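Reader: Hi! Could you walk me through this one?
Author: Happy to. Here it is.

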Amino acid sequence: MNLRVTRSRPWIWGFAAAALIWLVILAISGQGGGQTLSLALSLAPYLVIVGLGQMLVVTAGPGNIDVSVAPVISLAGFASVAVSAGTGSALAGVLAGIGVGLVVAVVSTVAILGLAIPPIIATLAAGLVASSVTLHLAGGFTAVPDPGLRELLNLRPLGVPALAVAIAALTWLTVVLLRRTVYGRSLIAVGQNRRAAERAGVPVSRVIATAYLLSGALAGLTGALLATYIAPSADLGTRYLLDSVAVVVIGGTLISGGRAVPVGVWGAALFFILLDGLVNLVGWSTAAQNLLKGGLVLFVLFLAGGGDRARSTAPRLRRRPRPAAATTTTTGDNSDG
Amino acid sequence: MAELLAPTLPGRARMRHSAPAAVSALALIAMIGVCSTLQPGVLSVQGLTLVLSATVPLVIAAQAQMTLMAVGDIDLGIGAFVGLVTVVTATKLSSSPLVGGLVLLGLVAAYALLGLLIHLRRVPSLIATLGASFVWLGLGLFLLPTPGGSTPEWLAAFGAWQPAGFPAPLLPILLVTALVHLLASRGSAGVRMRALGSNPVALGRAGLRPLTSRVIAYATAGGLGVVSGLALASQTGGGDVSSASSYTLMTVAAVILGGGSFSGGVAVPWGAAVGGVTLGLVSVVLSLLDVRSDLQSAVQGGIVLAVLAGRVLVGKVLR
């Protein structure tokens with residue numbers, strides 16, 4: 001693979017890895033390649049939604065990360081199922097889930113911007129509060145998910161899950177948001193150099209706050225849909241914390257901020273879901289599943305490498321703006337895909 | 001470079017540097033105070049042993065996290081790593097000390113290798129250690145699918161050791177923290193590590209290799225992770241790969257509470273110890289207060305936020 005191609009299209013790695021796993025599955029099972037893909041497409045959207053939110057937060061600059069997504073997903077799951085069972089309206093349930101995500105995000109945003117607490121700690125603390133409420137709700141929970149919405153989530157005309165199409169549209173909207181709107185441009189500018197953006201008149205605090213609120217809302221949406229698709233449980237969101245960060249970075253988004261790659265989230269999410277499918281197919285234990293997942297993540301990461309030659313050290317979490325960060329953006333295309 | 005200059009600067013600058021840890025220490029004293037009014041027995045040697053023992057592995061793991069945060073990196077795999085060490089301890093180390101010891105050394109080497117690759121391939125430590133955490137988890141499940149096993153006798157004896165006159169858990173906490181202090185704040189390796197965190201270009205210009213500094217930092221973190229796992233296994237008496245999963249974020253919180261920063265360049269071994277004990281004590285205090293278990297994590301989150309908010313206020317006053 002040509003180096004220049006991979007550098008200007010960082011999302012290729014995720015899709016390449018997904019395609020490779022798909023081919024391996026095809027070779028082992030010998031049939032039903034389309035079915036595998038259809039199943040992967042019905043599971044990947046959940047990871048994509050929460051991944052898109054995480055991507056927006058990560059893009060806001062060094063140190064920005066949302067570790068409250070896992071407890072938010074669990075809490076939103078319970079809240080949305082409870083509300084939809086209480087009101088009889090699936091829409092109200094989904095909105096309740098999104099609302100829960102927003103409330104938790106407001107707590108962490110106030111802590112980050114108002115109290116200058118590092119985002120990883122602020123979202124951790126907000127998440128701890130959310131998980132407490134989840135445990136409180138989980139005791140004696142009897143409501144069942146809305147059957148209508150569950151049917152909708154399982155809908156697969158011509159083998160293509162309806163949810164995947166909807167989330168593909170959401171991804172496209174995110175691309176438009178990042179490329180064409182003032183907000184998206186401001187977010188990328190803040191991520192590249194916060195001080196420069198501030199001097200240029202970008203309302204930095206408002207931009208960062210919006211990123212966290214969007215992430216919270218998207219995590220809430222994931223929780224509402226996931227709880228309807230599977231069932232509400234206290235550890236519904238647990239795996240989504242590590243996975244959401246991993247898919248964002250494998251997808252090509254810079255962890256140091258300033259470059260968002262929404263399409264890459266899809267490639268990496270498909271890679272993760274297909275990997276789970278492969279391990280289930282071969283009948284490996286969870287031990288091998290984790291080993292393979294970790295090994296492949298590290299392999300893809302070290303193979304793709306990060307940053308460019310101009311940078312003397314690895315891109316790391318740091319608050320100080322680095323002039324070198326500008327070199328990654330000379331192509332003028334910061335929202336690939 | 002604040003830490004490098006601190007010994008030469010008098011008064012205010014030094015105070016500003018140690019203020020965060022002081023705020024955490026105040027929170028710590030307040031919590032012990034609350035404990036002792038509720039349960040006067042807490043202040044006895046036995047009470048302190050009981051209260052402090054749960055914080056030992058967390059404090060040591062926080063030192064590992066502090067070492068990496070000093071070079072400007074972050075370790076999101078430390079929880080799974082500590083869990084893996086307890087599993088190795090409960091299986092290999094108890095059946096054959098030689099094999100077990102070699103495996104543990106291999107794990108430290110794996111950490112050094114991780115640091116090497118992170119540096120050479122210029123990848124963010126956050127995601128690399130995240131990927132590594134899956135590997136640690138997988139290895140742990142591979143060795144011991146369900147929690148169990150037994151710790152070697154000498155380790156169990158250490159866990160049950162109760163000397164007269166002072167609380168036993170204080171010894172490992174003070175010993176490890178003093179060692180890390182010697183290494184990170186006094187030794188030349190520490191200067192290199194902090195220089196890498198604060199200004200890698202200057203480190204390179206000084207003729208020292210940033211690569212070496214990073215590998216030393218990762219090897220140190222791996223070694224401390226192993227010690228933390230041994231301490232945890234000595235208390236639980238068995239191995240469980242997910243027994244320390246909460247450590248990953250708790251150690252980061254402990255370092256931040258102790259005055260560390262994400263941008264690197266600052267080593268706060270004593271601060272991290274205070275932060276770790278504070279966080280570890282929260283759950284003890286809450287169970288003493290008879291707080292319902294489902295409310296405990298909310299109170300824990302609230303205390304972290306309150307201490308950090310207090311720190312911001314103190315920082316404003318000092319400025």
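Author: A word on terms to begin: helices (H or I, at least four residues) and strands (E, at least two) are DSSP runs, numbered from the N terminus. This is a predicted model, where local features need pLDDT of at least 70, side-chain atom pairs count only at pLDDT 80 or more, and totals for chains, interfaces and linings use all residues. Residues are numbered from 1 along each chain as its sequence is written, and chains are lettered from A and ligands numbered from 1 in the order in which they are written.

Reader: Thanks! How many helices and strands does chain A have?
Author: There are 14 helices and zero strands in chain A.

Reader: And what share of chain A is buried?
Author: Of its 337 residues, 57% count as buried. A residue is buried if 20 or more other C-beta atoms, placed from the backbone, lie within 10 Å of its own, exposed if 12 or fewer, and partly exposed in between.

Reader: What about contacts in chain A between residues 24 or more positions apart?
Author: Those make up 78% of the chain A contacts with a separation of 6 or more. Two residues are in contact if their C-beta atoms, placed from the backbone, lie within 7 Å.

Reader: Let's switch to confidence. What is the average pLDDT of chain B?
Author: Chain B averages 83, and 94% of the residues score at least 70. pLDDT is the predictor's confidence in each residue, from 0 to 100. Among the elements of chain B, helix H4 (residues 56–70) has the highest mean, 93, and helix H1 (residues 2–5) the lowest, 47. Over residues 1–10 of chain B the pLDDT is below 50, and this stretch has 14 contacts in the model beyond near neighbours in sequence.

Reader: Which scores does the complex get?
Author: The predictor gives an ipTM of 0.81 and a pTM of 0.80.

Reader: How many residues does each chain put into the contact?
Author: Chain B brings 48 residues and chain A brings 50. On the chain B side, H7(B) gives the most, with 14 residues.

Reader: What classes of residue are on that side of chain B?
Author: The side of chain B that touches chain A has 32 nonpolar, twelve polar and four charged residues. Here Ala, Val, Leu, Ile, Met, Phe, Trp, Tyr, Cys and Pro count as nonpolar, Asp, Glu, Lys and Arg as charged, and the others, Gly among them, as polar.

Reader: Back to H4(B): how do H4(B) and H9(B) cross?
Author: The axes of H4(B) and helix H9 (residues 170–186) of chain B come within 9 Å and cross at roughly 10°. Axes are lines fitted to C-alpha atoms, for helices over the stretch in contact, and angles run from 0 to 180 degrees between N-to-C directions. So H4(B) is roughly parallel to H9(B), a label for angles under 35 degrees; over 145 is roughly antiparallel, 65 to 115 roughly perpendicular and the rest oblique.

Reader: Which residues make that contact between H4(B) and H9(B)?
Author: Among them are B:Val59, B:Ile60 and B:Gln63 of H4(B), with B:Ile173, B:Val176 and B:Thr177 of H9(B). By class, the contact has nine nonpolar, three polar and no charged residues.

Reader: Last one: which residues touch the most other members of the largest nonpolar core?
Author: A:Ala269 and B:Ala253 do, in a core of 212 residues. A nonpolar core is a set of buried Ala, Val, Leu, Ile, Met, Phe, Trp, Tyr and Cys residues joined through C-beta atoms within 7 Å. Helix H11 (residues 204–229) of chain A gives the most to this core, with 15 residues.
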